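Reader: I should be grateful for a close look at the enclosed space within this model. Please describe what lines that space, and then place it among the pockets and sheets of the protein.

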Amino acid sequence: MRVLIALGGNAMTGPDGDATPQAQRAAIARAMEHVATVVAAGHEVVLTHGNGPQVGNLLVKNELAAHVVPPVPLDWCGAQTQGTIGFTILDTLEPALAAKGVDRRVAALITRTLVAADDPGFAAPTKPIGRFLSREQARPLIEHGETWEDRGDKGWRRVVASPEPIEVLETHTLRTLLGAGYVVVAAGGGGIPVVREADGRVHGVEAVIDKDLTAAVLASAIGADVLIIATDVEQAVLDYGTPGAQPVGRVRLADMEAYAADGQFASGSMGPKVEAAMRFVRHGGRRSVITALDRIADALHGDVGTVIGNPSVPTELDADHEVGTPTDDAPPAVRPTER
């Protein structure tokens with residue numbers, strides 16, 4: 001089975017959000033133990049990953065050094081974090097596979113994601129990134145062409161476009177590596193955002209692409225059977241934070257769409273994950289699963305997490321797991337806030 005696993009930010013930092021190099025390496029090593037279990041079961045695996053804390057660190061360096069050297073643009077930040085996280089995954093996944101007696105090579109791709117030059121997000125950037133600064137601290141960055149907004153008592157914060165992903169440009173290379181037996185790391189942080197000019201050339205742009213939406217695009221493009229979105233909760237929850245909170249187990253696509261339309265999933269946390277999971281199934285994917293990182297191996301059997309099955313495959317929604325009901329080993333309904 002071909003599986004795309006989208007790793008969330010909790011797989012890249014320490015339990016308390018610690019983003020030191022040591023904490024990041026330890027966190028990635030723990031995540032790769034779970035990925036190795038999936039690979040050892042005989043599946044073809046593609047990994048994507050978040051890069052929020054890592055880009056955040058680079059932005060702070062930009063801010064502190066803006067009066068000395070030009071800030072590094074966001075597309076460069078994405079490329080740098082893909083390289084750093086990619087090689088750390090190589091260094092930790094290879095020994096994890098070897099410990100399980102699995103002889104599989106691992107490759108990490110610097111990956112570009114195509115977006116539309118006329119995407120509405122570029123005309124009115126709204127995605128906040130980085131930390132709050134005073135007006136005086138933000139001034140050098142504004143002079144370098146960045147867009148910052150006054151957020152009142154908290155200070156000024158940078159806003160950027162968050163365009164829709166259209167295509168992962170290195171998909172052909174990725175498929176070639178999969179065919180040669182590699183585990184492939186690609187589209188980190190949603191991919192390096194690029195636009196295409198009329199003459200066919202592409203160039204990077206200042207933007208942040210949602211990593212889970214890119215994962216759905218890539219999963220469809222490579223013909224994945226299952227998209228697993230790994231996060232720090234085991235399931236999506238309806239009526240989150242209320243006495244009537246209810247975990248979502250196996251669910252039909254139409255019902256999940258209705259829950260999303262009703263505003264059940266916050267745009268800053270579970271919303272993009274649910275949207276990505278639904279998009280993959282809409283485009284013919286067999287199954288999407290949203291679950292905790294340490295349950296990704298179990299997720300391949302459809303026994304844990306929020307499972308959205310393809311309506312054309314009725315066996316994915318058996319009578320034992322009705323819409324909105326948790327599986328037998330479901331966690332408590334009320335969850336900690338997701339990172």
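Author: By class, the residues that line the largest cavity are four nonpolar, one polar and three charged. They are Leu59, Asn62, Glu63, Ile129, Leu141, Glu146, Trp148 and Arg158. The cavity holds about 40 Å³ of space, and the structure, which is a predicted model, has one cavity of 30 Å³ or more. Helix α2 gives the most to this lining, with three residues.

Helix α2 leads on to the pockets. It spans residues 52-65 and is among the elements that each supply at least two residues to the lining of the largest pocket, together with α3, β5 (127-133), α7 (211-221) and α9 (270-282). Here too α2 gives the most, with five residues. The volume of the largest pocket is about 1200 Å³. Its lining consists of 40 residues, and those nearest the centre are Gly52, Lys127, Val208, Asp210 and Lys211. Divided by class, this lining comprises 13 nonpolar, 18 polar and nine charged residues.

The second largest pocket has a volume of about 320 Å³. Around it stand 15 lining residues, with Ala19, Pro21, Gln24, Gln54 and Thr84 nearest the centre. Two or more residues of this lining come from each of α1 (21-40), α2 and α3. In this pocket it is α3 that gives the most, with six residues. The classes here are six nonpolar, seven polar and two charged residues. Helix α2 thus appears in the account of the cavity, of the largest pocket and of the second largest pocket.

Helix α3 provides the link from the pockets to the sheets. It covers residues 74-99 and packs on a sheet where it touches β10 and β11, its direction making about 130° with that of β10. That sheet is open and has four strands in the order β8-β4-β10-β11, with mixed pairing. Its edges are β8 (167-168) and β11 (202-204), each of which pairs on one side only. Between β10 (residues 192-196) and β11 the pairing is antiparallel and runs over three bridges. Within this pair, Val195 is placed opposite His203 of β11.

The other sheet to consider is also open, with eight strands in the order β3-β9-β2-β1-β12-β16-β17-β15 and mixed pairing. The strands at its edges, β3 (106-108) and β15 (250-252), each pair on one side only. From one strand to the next the twist averages 20°. Helix α3 meets this sheet as well: it lies across β2, β3 and β9 (183-185) and runs at about 175° to β3. A further helix, α6 (residues 171-179), lies across β1, β2, β3 and β9, at about 140° to β2.

Within the eight-strand sheet, strand β1 merits a closer description. It comprises residues 2-7, and six of its six residues are buried. The covering extends to both faces: Arg2, Leu4 and Ala6 are buried on one side, and Val3, Ile5 and Leu7 on the other. Strands of a sheet pair through backbone hydrogen bonds, in either the parallel or the antiparallel sense. Strand β1 has parallel pairing with β2 (residues 44-49) over six bridges. Among the bridge partners in β2, Leu47 is matched with Ile5 and Thr48 with Ala6. Strand β1 is also joined by five bridges to β12 (residues 226-231), and these two strands run parallel. In that pairing, Leu4 stands opposite Leu227 of β12.

To return to the request, the space enclosed in the model is the cavity of about 40 Å³, to whose lining α2 gives the most. Helix α2 also gives the most to the lining of the largest pocket, whereas α3 does so for the second largest pocket. Helix α3 in turn touches β10 and β11 of the four-strand sheet and lies across β2, β3 and β9 of the other.

Key
Residues are numbered from 1 along each chain as its sequence is written. This is a predicted model: local features need pLDDT of at least 70, side-chain atom pairs count only at pLDDT 80 or more; totals for chains, interfaces and linings use all residues. Side-chain values use heavy atoms; hydrogens and water are left out. Two strands pair if DSSP finds at least two bridges between them. Contact means heavy atoms within 4.5 Å. Axes are lines fitted to C-alpha atoms, for helices over the stretch in contact, and angles run from 0 to 180 degrees between N-to-C directions. On a 1 Å grid over the protein atoms alone, a cavity is a set of points where a 1.4 Å probe fits but cannot get out, and a pocket is an open set with protein on both sides within 12 Å along at least five of seven lines; lining residues have an atom within 4 Å of a point. Grid points are joined across faces, edges and corners, and a volume is the space filled by probe spheres set on the points. Ala, Val, Leu, Ile, Met, Phe, Trp, Tyr, Cys and Pro count as nonpolar, Asp, Glu, Lys and Arg as charged, and the others, Gly among them, as polar. Buried means under 20% relative accessible area, exposed over 50%, partly exposed in between (1.4 Å probe, protein chains only).
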